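Work through the exercises below with the sequence and the coordinates open beside you. Attempt each task before reading its solution.

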Amino acid sequence: MLRYAAGRLVSALPVLLIVSLLSFGIVWIVPGDVAVEMAGPTATAEELARLRERLGLTKPWHEQLIGWYGALLQGDLGESILLRQGVGAAIVERLPVTLSLTFTALLIAFVCGTALGVLAAVRAGKAADRAAMGTALIGFSLPDFWLGLVFVYLFAVVLGWLPTGGYVPFTQDPLGWAQAMILPAGTLALSQMGLFARMTRAAMLEVLRQDYVRTARAKGMPGWIVVGKHALRNALIPVVTVAGIACGVLLGGAVVIESVFSLPGVGRLIVGAIQRRDYPVIQGGLLLTATIFVLVNLAVDLLYAALDPRIRHGRR
Amino acid sequence: MSLLSVQDLAVSFGPTRVLEGVSFDIAEGEVLGVVGESGSGKSMTALAIMGLLPIGGRAAGRITFQDRDLLTLPERAMQRLRGDSVAMIFQEPMSSLNPVLTIGEQIAEVLRRHRGMRRRDAHAEAVSLLKLVEIAAAERRVDEYPHQLSGGMRQRAMIAIALACRPKLLIADEPTTALDATVQAGILDLLRGLRRELGMAVLLITHDLGVVSDICERVVVMYAGRVAEAGPAGRIFEQPAHPYTRALLAAIPRLEGPIGDLPAIPGVVPSPADFPKGCRFAPRCAHARPACEVAPPVLRALPSGTEAACIRAEEVS
Amino acid sequence: MAGVEALPAAAPAPRVKAPGALARLLAHPSFRWGLLLFGAVAVCGLLADWLAPYDPLRNNFRTRFQPPSETFWFGTDRFGRDILSRTLFGIQVSLRIGLGVALVTALVGGAIGAVAGFWRRADGPIMRVMDALMAFPAVLLAIALAAALGPSELNVIVALSIAYVPRTARVMRAGVLVVREFPFVEGARAIGASPTRVLLRHVLPNAMAPLVVQQTYVFALAVLAEAVLSFLGVGPPPPTPTLGGVIADGRDFIQEAPWISITPGVVIALVVLGLNLMGDGLRDALDPRLRTAIR
């Protein structure tokens, strides 16, 4: 188990290296002068020179790169031009919002999606199956940011049940946090819920045909134990691998959902930075999001091993 | 008074009848062998008794077990019966155990379900069951996963699961087919010993007449969804009445006989969709007459001591 | 079941153009419904010049914030522009970008995946780079790239293509890895065909089915992502009417004028739903074994 974990960790390193390189490289694809684009057309020559100096643009590219990695190893992501704040600090400040949004959505998507998938598989070919799969298909066909607007209109404007947006820290007011989270997280969860439902259905149909499910029934186990314990434990193994990928999609979706629901998270920070060409924040935001993705997938691999004893013991 | 009585059992999938007119009895503590090629309907018979027919399968007739008709028993009552007084082991020990649960858990959950045992007690009982089926280092094996066990050990674990509640009837569907020859003998020895020790009845399904002669007291030979011949094992082996039984017996390799080609039965078992109208074995039978193809022959008692469904049984034997 | 799965190993994988594939496709209810939905919206978009009752760009301050009525079926926005006309022209942009991304990723991702799957030595490095690209959430990466490249329709296509290329490459690679082990590929090698020829003539045509299915889904994903980009203001520059852009126009007026945002969102949903249904139909018709492998 330890060796397996170490192996996964080592294989994540080259990916992280390329990720950091790509995050830095985003400034290289800006056509023309980055400084001009950031400062705007009204900037004086002196202002531009100062900006270039701050961004390190006066140095040759390889020195820029070495400088980026040098700072990175010390945990320094650079300075935001507009916020007059360290990029790291700006992100860390907003991270709890984004993480609670993403993981609440992941939880909703996983629980509802697998439930839908199990229901569909157990009732395969019947009306319940078609209804569940139709829900799943519609789930990942709706534009989530638009759905968010519609929900705000419905639940906040028309019905007045929930706030239109804003964030309440969990530690301050758990109920307020839940009220603020339910709409954005639910909206964000919808597309991935559909994918989880499909995956679960396919995996369950496969598993329900297996001999060990027949064994469980021959042992006199009631239906809900056969499905919920013997079949689901096995069907979840491939579904859990998708959880890592889903987490990435949700992180990306959080960017726009945060904007729709006025949540002060990393996504809104990045969108603001993109609109105002604050490149250090864009670089740091990209790097951090991708790193979270890689780490989550590492965690998923370990969870995978916990679910499947065959991997834990180094077979297969 | 028989423990299990199957009367005129028929199984159909939609319009297709895969099984019909199957009748036999098992007395308490008796070992009955059900023999036939694949496609003869012997596994379907077992699944019908367990109430575990594949989706779309419908059973008709009567299956009486301890005075209760299993075919009319509600599913909940069937669940209380399965794994308790009727247990079953399957052909593929590799795939019949759940890969993500420990052996101990898979045994213990039967005890918790049917005996209401607590977790700790059930685990302890699982260890003694593993010892009963002669698995070495049972204390260690109980917490291992199926993939850590060899094929023979897995089948022993399956038997331990089946025996957990000391069933009155054990249905064993080709329990040794997937195993190496040496392991096969071990499993059969174990089954024979356990049966004597626990006094349970065994319904042993196999295509291997060698296995039957080893441990069965009575034999039912099935062909294409019907019973071809039934009777005491000794009588069937000494004086088979049905041409199909004779052909099966001729196909057993013998150590003492001359080494030569085994007389294989020409042709294959027809599929349920195109079963012949009369005797289903007639197209492959060396003794077939036009009369054989008119109507299905009925099972009738013969002076040789067996029952056979063949209109020419006397002439043939 | 075993019989069904044992068969395809002996016969070459079904080819996209295999006779009967089209008939089977049209007989598939998912595909038919998908084609109907997608086709209906697409035709409306293509005929926007004739169907649109008003100029999508012309401001008219006398008709600001008109709710849906007989004159303006879907209402007007804060500049008095007709939502129906803007939506119809927005469809054109969405389809151009979606199709563009599907084609570019098919070519580039297909090539990358084919090389990675066919030449073992190239596989490791290529797939590490693809993994790294996949580590960025596709939408976020596309937003950043589109912003860095500057606002234009072409740049949106480029940005989205970079974001979605790894998925296509993975699917293609998986297909090639399977097909390269088929006996007829071995045969072609044995008679001395060059590796490039083996790849182009024997492997690729038989590894196409998964790619076609995947690209239908990529088309759908690109339409969704383009809407996000336009919504956030890094899509095609104004005054080009885009579906995401119209939703953004209505965002601040969701209380007073909800019709502005609702119409284009429904249209996006119909297009994406249609494409996903078509993808499901294609998947079933081309190769039922793909059921779980894709997406």
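**Exercise 1.** How far apart do the closest C-alpha atoms of chain B and chain C lie, and what contact, if any, joins these chains?

*Solution.* The model is a predicted one, and contact is taken here as heavy atoms within 4.5 Å. Chain B and chain C are joined by no contact, and their closest C-alpha atoms are 13 Å apart. Two pairs of chains do touch, and of these the pair of chains A and C has the most contacts.

**Exercise 2.** Trace the eight-stranded open sheet of chain B and identify the strands at its edges.

*Solution.* Begin with the order, which in chain B reads β6-β7-β8-β3-β9-β10-β12-β11, with mixed pairing. At the edges stand β6 (86-89) and β11 (300-301) of chain B, and because each has a single partner strand, one side of each has no neighbour in the sheet.

Next, take strand β9 (residues 218-223) of chain B, which runs antiparallel to strand β10 (residues 226-232) of chain B and is joined to that strand by six bridges. Within this pairing, V220(B) has A230(B) in β10(B) as its bridge partner. Finally, add helix α11 (residues 243-250) of chain B, which packs on the sheet by touching β3 (31-35), β9 and β10 of chain B, and whose direction makes about 105° with that of β9(B).

**Exercise 3.** For residues 139-165 and 217-237 of chain C, listed by UniProt under "transmembrane region", describe the helix content and the end C-alpha distances.

*Solution.* The unreviewed UniProt entry includes both spans among its listed regions of chain C. Residues 139-165 of chain C are 89% helix and 0% strand, with end C-alpha atoms 13 Å apart. Residues 217-237 of chain C are 76% helix and 0% strand, and there the end C-alpha atoms lie 26 Å apart.

Notes
Residues numbered from 1 in each chain as written. Chains lettered and ligands numbered in written order. Predicted model: local features only at pLDDT ≥ 70, side-chain atom pairs only at ≥ 80, totals over all residues. Heavy atoms only, no water. Pairing = 2+ DSSP bridges. Helix = DSSP H or I, 4+ residues; strand = E, 2+ residues; numbered from the N terminus. Axes fitted to C-alpha atoms, helices over the stretch in contact; angles between N-to-C directions. UniProt positions renumbered as here; feature names shortened; annotations may be inferred.
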